[in-house]
Amino acid sequence: IPATVLPIVFAALTAYVFTFFRFRGKEVIFALILALLVIPQQIAFIPIIQMYVWIKEVTGIPVMGQYAAAWILHSAFGLPLAIYIFRNYMSTLPSELVEAARVDGATHLQIFFRVVAPLSMPVLASFTIFQFLWIWNDFLIEFIFIGNGPKAVLTQGLYDLLGQYGQGWQRVAAGSVITLIVPLIVFFTMQRYFVRGMIAGTGK
């Protein structure tokens, strides 16, 4: 849940800035954010592990093996795509609504939470599904940054159902059906927003 909520909140605020603010170098910064989409997440594993080790040495706070280690990585790699999708959607919203809210004396936070965010609910919900399903089904990040033990996630638990010599696929199949329950609930709850939100802004 934190790895789903955090990138959505920060990306939505960032997309609001890129859509309704005017400042020098805005398009260049946005292009640099888009360039991050082509960087595979595996290439960042070693620097991030080194950063976590450095944090523990400096502060004494262990990050590796904790859920926060995966939250940070999932949030960081979810941000560029979220910013891109949210900005495309927000650019389709009438700018007159934002101008009217400014005339009425609303602050930027009030405009975002009372005007832009409610109108952007389709794209927010659609990316929530996308981000949640990506994180729920991910194995590699959880395996490296959380590992085995009492904090192991379900994907790691499915892998542990296999025997030493790779037998026991029937247990993995049964466990996979059980792990599908939560994603199905999330998808069917928010599916009406999915297509509408993902294609919004493509014709702008």
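This section describes the helical make-up of the protein, three of its helix–helix contacts and its largest pocket.

The structure is a predicted model, and its secondary structure consists of 11 helices and 0 strands. Read from the N terminus, the order of elements is accordingly written α-α-α-α-α-α-α-α-α-α-α. The C-alpha trace extends over about 65 × 45 × 30 Å along the principal axes of the protein.

Two packed helices are described by the angle between their axes and by the distance that separates those axes. For α1 and α7, the packing angle is about 140° and the axes lie 9 Å apart. Because angles over 145 degrees would count as roughly antiparallel, this value makes α1 oblique to α7, and the crossing of α1 and α7 is right-handed. On the α1 side the contact comprises Ala3, Thr4, Pro7, Ile8 and Ala12, which meet Leu124, Phe127, Thr128, Gln131, Phe132 and Ile135 in α7. Sorted by class, the residues of this contact between α1 and α7 are 8 nonpolar and 3 polar, with no charged residues.

Helix α7 also packs against α6, which covers residues 108–119. Here the angle is about 65° and the axes are 5 Å apart; α6 and α7 are therefore roughly perpendicular to each other. Ala117, Pro118 and Leu119 of α6 form the contact together with Met121, Pro122 and Leu124 of α7. The residues of the contact of α6 with α7 comprise 6 nonpolar, no polar and no charged. Leu124 of α7 thus appears in the contact with α1 and in the contact with α6.

A further packing arrangement involves α3, formed by residues 45–59, and α4, whose axes are 12 Å apart and enclose an angle of about 135°. That angle makes α3 oblique to α4, and the crossing of α3 and α4 is right-handed. The residues of α3 that take part are Phe45, Ile48 and Tyr52, which meet Ala68, Ala69, Ile72 and Leu73 in α4. In the contact of α3 with α4, the division by class gives 7 nonpolar, no polar and no charged residues.

The largest pocket of the model has a volume of about 350 Å³. Its lining is made up of 16 residues, of which Ile1, Ile135, Trp136, Glu142 and Val153 are the closest to the centre of the pocket. The elements that contribute two or more residues to this lining are α1 (2–20), α4 (67–90), α7 (121–137) and α9 (154–160). By class, the lining of the largest pocket holds 12 nonpolar, 2 polar and 2 charged residues. Helices α1 and α7, which pack against each other at about 140°, are both among the elements that line the pocket. Ile135, one of the α7 residues in the contact with α1, is also among the lining residues closest to the pocket centre. Helix α4, which packs against α3, likewise gives two or more residues to the lining.

Conventions. Residues numbered from 1 in each chain as written. Predicted model: local features only at pLDDT ≥ 70, side-chain atom pairs only at ≥ 80, totals over all residues. Heavy atoms only, no water. 1 Å grid on protein atoms, 1.4 Å probe; cavity = no way out; pocket = protein on both sides within 12 Å on 5 of 7 lines; lining within 4 Å. Points joined across faces, edges and corners; volume = space filled by probe spheres on them. Helix = DSSP H or I, 4+ residues; strand = E, 2+ residues; numbered from the N terminus. Nonpolar A, V, L, I, M, F, W, Y, C, P; charged D, E, K, R; others polar. Axes fitted to C-alpha atoms, helices over the stretch in contact; angles between N-to-C directions. Parallel < 35°, antiparallel > 145°, perpendicular 65-115°, else oblique. Left-handed = near helix turned anticlockwise from the far one by under 90°. Contact = heavy atoms within 4.5 Å.
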